[in-house]
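Me: I am new to this structure and would like to go through it by question and answer. Please show it to me before we start.

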Amino acid sequence: MADFSRGTPRASSPDVPRVGIPERLARRMTMAEQHEYLRARLSRRGVLRGGAAGVGTVAGAGLLTGSASAVEARPSPTLLTGPESRRVDGSLVAPFGRHLAFGADPGTQMRISWQVPLAVKAPYVRIGLQPWDLSRKIEAEVRPLHTPALGEKVPAVDQYYLHAALDGLSPGVTYYYGVGHDGFDPADPRRFSSLGTFRTAPAKAGSFVFTAFGDQGVSYDALANDQLLLGQDPAFHLHAGDLCYADTTGHGGASDVYDARVWDSFLAQTDSVAASVPWMVTCGNHDMEAWYSPDGYGGQLARWSLPGNGPDPRKAPGVYSFTYGNVGIVALDANDVSYEITANTGYTGGEQTRWLDRRLGELRGRPGIDFVVVFFHHCAFSTTSAHASDGGVREAWVPLFEKHQVDLVINGHNHVYERTDAIRGGKAAKKVPVGGSADAVRDGIVYATAGGAGAHLYEFPVPDSYEGHVRDLDEVRTFHWTKDGKKSADTVEWSRVRYTGFSFLVVEARPGPGPKLVVTALAESGERVDHFEVVRSPKR
């Protein structure tokens, strides 16, 4: 297995193109410095088309601009509406890669995003309560993305991402929709097979299911997980970062290999699920793409429309929250606090952590919210031989999780399934075996690493232990990353379930006098490898 430790590039063949930053420089570069270097270097080579190539920008919306102190000014948008856009008849350009996301209010807001292989005219969404009555028409926003040839084997790529914001919807209603443009009308009976559906969150709390994983990529295993996930009928899905692996190495350094075309394959792969299940994502280390913007998130802002209610959606697109039924969900960007991969460490200037403290307090005090679930990429508690635990996450956020009695934390980054006992103060406060239960108020917080979505798997330093194959250990020798970028040895007692295989989480939220989260880990085969409950003491 390739070594993914700090500063050690993933093994690759000699002909794989590399982003051209000398290693001696990359070791000391932040994401913003890498962005500036690439822009200057490639500009000198004349690969920028006219100097304003629509890189990670939003046509006419200004969503990707920011203050000079936070994010450098980004190039002006260029939308292809001239001769190039007329080369192909619109009827021959088929949309693909649909992916839904909630707005800040899942009961009344939905965001529909998709892709087209060529520039089109007047894109839009049709929506209605019946597939034969798509009378409401919403204009779509175009976010073109240009990627130059960043290596000898990778050509320049132009991609066109389209987004429609649907507001004023009715709670608990199933809607039919179709995406189109001039020459391609989804209301045409010949296009009925291209229609999708979604359901808004109900006005009253009831039982529902959501799913979660991280570290997906494009693979047969990723596709298999997607199809099994769809069979759980989730109300929404949480993706804890490392989405497609267009950046295959993810160090934020010179050894990173980047191919923007992988995003096309990824969005086509996830369409069968994300076209009907809101796909709520956050950012992993492989999702920092230095070319597009100083913070590495210009590409993310072009591809995704998320709730945008975090500290600054232009600066931290993967940071937001929403509520569904009796559960509050908080998405975080752990690149901001990581001690392992430091290309973006500190990029929000502490604002994300301050926002987290405020938002967790608001959610915990809100009537009707029984559970608070937080998801992000880097792990606070994991024992794999690859990334293990990030001390930056532990120091910045774990005290806030305990202060506000977060009920469940979901991570990716380590490509396995691992689940802890209930933890308080960094120690196992209560054993939670397979089939057990935990209460964040009485016992502590359970942390679940669900990084087996489809990317190549990691290894544990000790044997697996999961449902039907339990092999409990009194302790596991592992490590965590420290502020100076080194590994500090740990001997821990909290590693309760370990499974080296492709898998994902299924969480059923049950309201009532005795509310609970029933959490199940399913292998790619459909086999259950773990289950436990998170319960909640009555509010005092």
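Reply: Angles between elements come up below, so one definition goes ahead: axes are lines fitted to C-alpha atoms, for helices over the stretch in contact, and angles run from 0 to 180 degrees between N-to-C directions. Note also that this is a predicted model.

Me: At about what angle does helix α6 run to β13?
Reply: Helix α6 covers residues 351-364. This helix lies across β12, β13 and β14. Relative to β13, helix α6 runs at about 175°.

Me: In what order do the 7 strands of the open sheet follow one another?
Reply: The pairing in this open sheet is mixed. Its edge strands, each pairing on one side only, are β12 (320-324) and β24. Neighbouring strands are turned by 15° against each other on average, direction ignored. The order of the 7 strands is β12-β13-β14-β16-β21-β17-β24.

Me: Is β12 largely enclosed or largely open?
Reply: A residue counts as buried under 20% relative accessible area. In β12, 4 of the 5 residues are buried. The strand is therefore, with respect to the rest of the structure, largely enclosed.

Me: Which residue in the turn of the hairpin formed by β12 and β13 has a positive phi?
Reply: β12 and β13 run antiparallel and are joined by 5 bridges. One of the bridge partnerships is that of Tyr324 with Val327 in β13. The hairpin has 2 residues between its strands, and the one in the turn with a positive phi, of about 60°, is Gly325.

Me: Which residue in β14 is the bridge partner of Val327?
Reply: Strand β13 spans residues 327-331 and strand β14 spans residues 371-375. These two strands pair in the parallel sense over 5 bridges. In β14, the bridge partner of Val327 is Phe371.

Me: Which strand gives the most residues to the largest nonpolar core?
Reply: In soluble globular proteins, nonpolar side chains tend to be buried together. The largest nonpolar core here has 133 residues, and Phe198, Phe236, Leu332 and Phe401 touch the most other members. Leaving aside neighbours within four places in sequence, Leu332 is in contact with residues including Trp355, Leu356, Phe376 and Phe401. The strand that gives the most to this core, with 6 residues, is β6 (residues 157-166).

Me: How many residues apart in sequence are the parts tied together by Asp421 and Arg496?
Reply: Asp421 forms a salt bridge with Arg496, and their closest N and O atoms are 2.8 Å apart. Asp421 lies in the loop between β17 (417-420) and β18 (422-424), whereas Arg496 is in strand β24 (residues 495-499). Both Asp421 and Arg496 are buried. The parts that this pair ties together are apart in sequence by 75 residues.

Me: Is Asp472, which meets Arg496 in a salt bridge, buried or partly exposed?
Reply: The side chains of Asp472 and Arg496 come to 3.1 Å, N to O. Asp472 is in the loop between β21 (446-450) and β22 (476-481), 24 residues from Arg496 in strand β24. Arg496 is buried, with a relative accessible area of 6%. At a relative accessible area of 46%, Asp472 is partly exposed.

Me: Which residue forms a salt bridge with Asp490?
Reply: The whole structure has 23 salt bridges. Asp490 is in strand β23 (residues 487-492), and its partner is 96 residues apart, in helix α7 (residues 391-396). Asp490 is buried at 13% relative accessible area, and the partner is buried at 19%. With the closest N and O atoms 3.5 Å apart, that partner is Arg394.

Me: Which residue's backbone nitrogen does the side chain of Asp242 reach?
Reply: Asp242 lies in the loop between β10 (236-239) and α4 (261-274). Its relative accessible area is 1%, so Asp242 is buried. Not counting residues up to four places away in sequence, Asp242 touches Asp215, Gly284 and His377, among others. The backbone nitrogen reached by its side chain, at 2.8 Å, is that of His286.

Me: Is Tyr245 buried or exposed?
Reply: Tyr245 is in the loop between β10 and α4. Tyr245 has a positive phi of about 70° although it is not a glycine. With a relative accessible area of 11%, Tyr245 is buried.

Key. Residues are numbered from 1 along each chain as its sequence is written. This is a predicted model: local features need pLDDT of at least 70, side-chain atom pairs count only at pLDDT 80 or more; totals for chains, interfaces and linings use all residues. Side-chain values use heavy atoms; hydrogens and water are left out. A nonpolar core is a set of buried Ala, Val, Leu, Ile, Met, Phe, Trp, Tyr and Cys residues joined through side-chain atoms within 4.5 Å. Buried means under 20% relative accessible area, exposed over 50%, partly exposed in between (1.4 Å probe, protein chains only). Contact means heavy atoms within 4.5 Å. A salt bridge is a side-chain nitrogen of Lys or Arg within 4 Å of a carboxyl oxygen of Asp or Glu. Two strands pair if DSSP finds at least two bridges between them. A polar contact is a pair of N or O atoms within 3.5 Å; within protein, one must be able to donate a hydrogen and the other to accept it, and residues adjacent in sequence count only if both atoms are side-chain atoms.
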